[in-house]
Amino acid sequence: MQHSVSTPNYSDRIGFAQLTRRAFEGGDLHPLREHLLARIAEGTAEAGEGLDLSLIAQLLGEKEAGLVIQSEVLSFHQLFRTPCAVPKPRLRVLALAADIDMGGNTPIEFLLEGSDIELLTLYVIKGVGLPETLPEHDVAIVVASDSEECRETLAAIEQAAPRWPRPLLNRPELIGNLDRDKLFRLLAGIPGLDIPVTAHATRAQLLELSQGKIACESITGELRFPMIVRPRGTHAGVGLAKIDDAAALKAYLAEREEQNFFVARFVDYASPDGLYRKYRLAMVDGKPYACHMAIADRWDIWYLNAYMAFSEEKRAEEAAFMLDFDGAFAARHRSALYEMSKRVGLDYFIVDCAENSNGELLVFEADNTAVVHNMDPPAVFPYKQPQMRKIFAAFTAMLSRHARVGEESAA
């Protein structure tokens, strides 16, 4: 294992964006996997190929195997390059990542796809930390998430941050504030913004609540039935449920084995037509951009379960939302979004939100690692690509602006 090497050498990889796109478009990743496995068996594989293999395993649903491969590769090599679209890059970005599953770091490759920016990814891992001399770069960005598994990575970067030679975006100490039970405190009291208190509850507490031994308020003041319950540390709706009463809570606990949960009051954000509308925004350099709008007849919406591809009517509404975004949604919530962005303090993050019955901005989650991509088929979603390009352009402009500021202050 390498320690305190001077400047580490990078290894090239196909990378997250290209492999995910291939999987998303229905391409068969098995032949590539077999090829990479053969290279490893021969002992001719590069570290970058090992990392690609880890990602392919995860995309094929073999998460555990993929993570084992990734940790093995990262134990001897930490720096990887995703080549850019031009031979001579205009800018070099250093992304600081954690050894975590494919959803645990900002998928920055999508944001840089097709650009003239070269991406170097440095994995900051337990027992190895940061190299003595950092690789050459113009601007750095922390891409590790606020999850438990990234705590050590964020701490190592935070320790080095005051002496960082270039501008460092998405500062590690700010990423931790995105945790579900911290975000509501950070955003409390913003006029025009509604964010339910998310409290940690133990299994024992919820059992007592289901048996009527304690009241909702003893967990947190504003809690009541119906409530939202989810196991702590899960994402993408795993174990998420709306619980209407004590009996439903009892049944829910009987099916779950976890010991720790998050609970929050349920907000019925249905529009007058009975449908739920959930928005994903990207906040880039303090400015909001529309990523998607999901419309469904259920409160627990993800873009995938809203089946937007099957409804011309829903897509027309999403297209109008994107087209009118600056003058409509963003204008309605201008001051709430501005204040939220200021308090979160990150250069780039994602907000999942809706509008409550009072027309306030209802915030579900803020996150620095949600996927913002350009993979939807243009034949079905013709309005998506121009919108995504707008976000990517804003992101690369932000990197350039900070790099320039860094150069000026160094001069």
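The following exchange goes through the sheet, the nonpolar cores, one pocket and one proline of this predicted model.

Biologist: What kind of model is this, and which pLDDT do local features need?
Modeller: Residues are numbered from 1 along each chain as its sequence is written, and side-chain values use heavy atoms, with hydrogens and water left out. This is a predicted model in which totals for chains, interfaces and linings use all residues, side-chain atom pairs count only at pLDDT 80 or more, and local features need pLDDT of at least 70.

Biologist: Which strands stand at the edges of the open sheet?
Modeller: Strands here are DSSP runs of E with at least two residues, and helices are runs of H or I with at least four, numbered from the N terminus; two strands pair if DSSP finds at least two bridges between them. The open sheet has 6 strands with mixed pairing, in the order β1-β2-β4-β3-β5-β6. Each edge strand has a single partner strand, so one side of it is left without a neighbour in the sheet, and these strands are β1 (11-12) and β6 (168-169).

Biologist: Which residue of β6 is the bridge partner of I141?
Modeller: Strand β5 (residues 139-142) runs parallel to β6, and 2 bridges join them. In β6, the bridge partner of I141 is L169.

Biologist: Which helix gives the most to the largest nonpolar core?
Modeller: A nonpolar core is a set of buried Ala, Val, Leu, Ile, Met, Phe, Trp, Tyr and Cys residues joined through side-chain atoms within 4.5 Å, where buried means under 20% relative accessible area, exposed over 50% and partly exposed in between, with a 1.4 Å probe and protein chains only. The largest such core has 100 residues, and M340 and L399 have the most contacts inside it. With 8 residues, the helix that gives the most to this core is α14 (residues 384-410).

Biologist: How many residues line the second largest pocket, and which lie nearest its centre?
Modeller: On a 1 Å grid over the protein atoms alone, a pocket is an open set of points where a 1.4 Å probe fits, with protein on both sides within 12 Å along at least five of seven lines, and lining residues have an atom within 4 Å of a point. The elements giving two or more residues to this lining are α1 (16-24), α5 (108-112) and β4 (117-123). The pocket is lined by 15 residues, and nearest its centre lie T82, P83, C84, E109 and E113.

Biologist: Is P172 buried or exposed?
Modeller: P172 lies in helix α7 (residues 172-175) and touches V142, L154, I157 and E158, not counting residues up to four places away in sequence, with contact meaning heavy atoms within 4.5 Å. Its relative accessibility is 3%, so P172 counts as buried.
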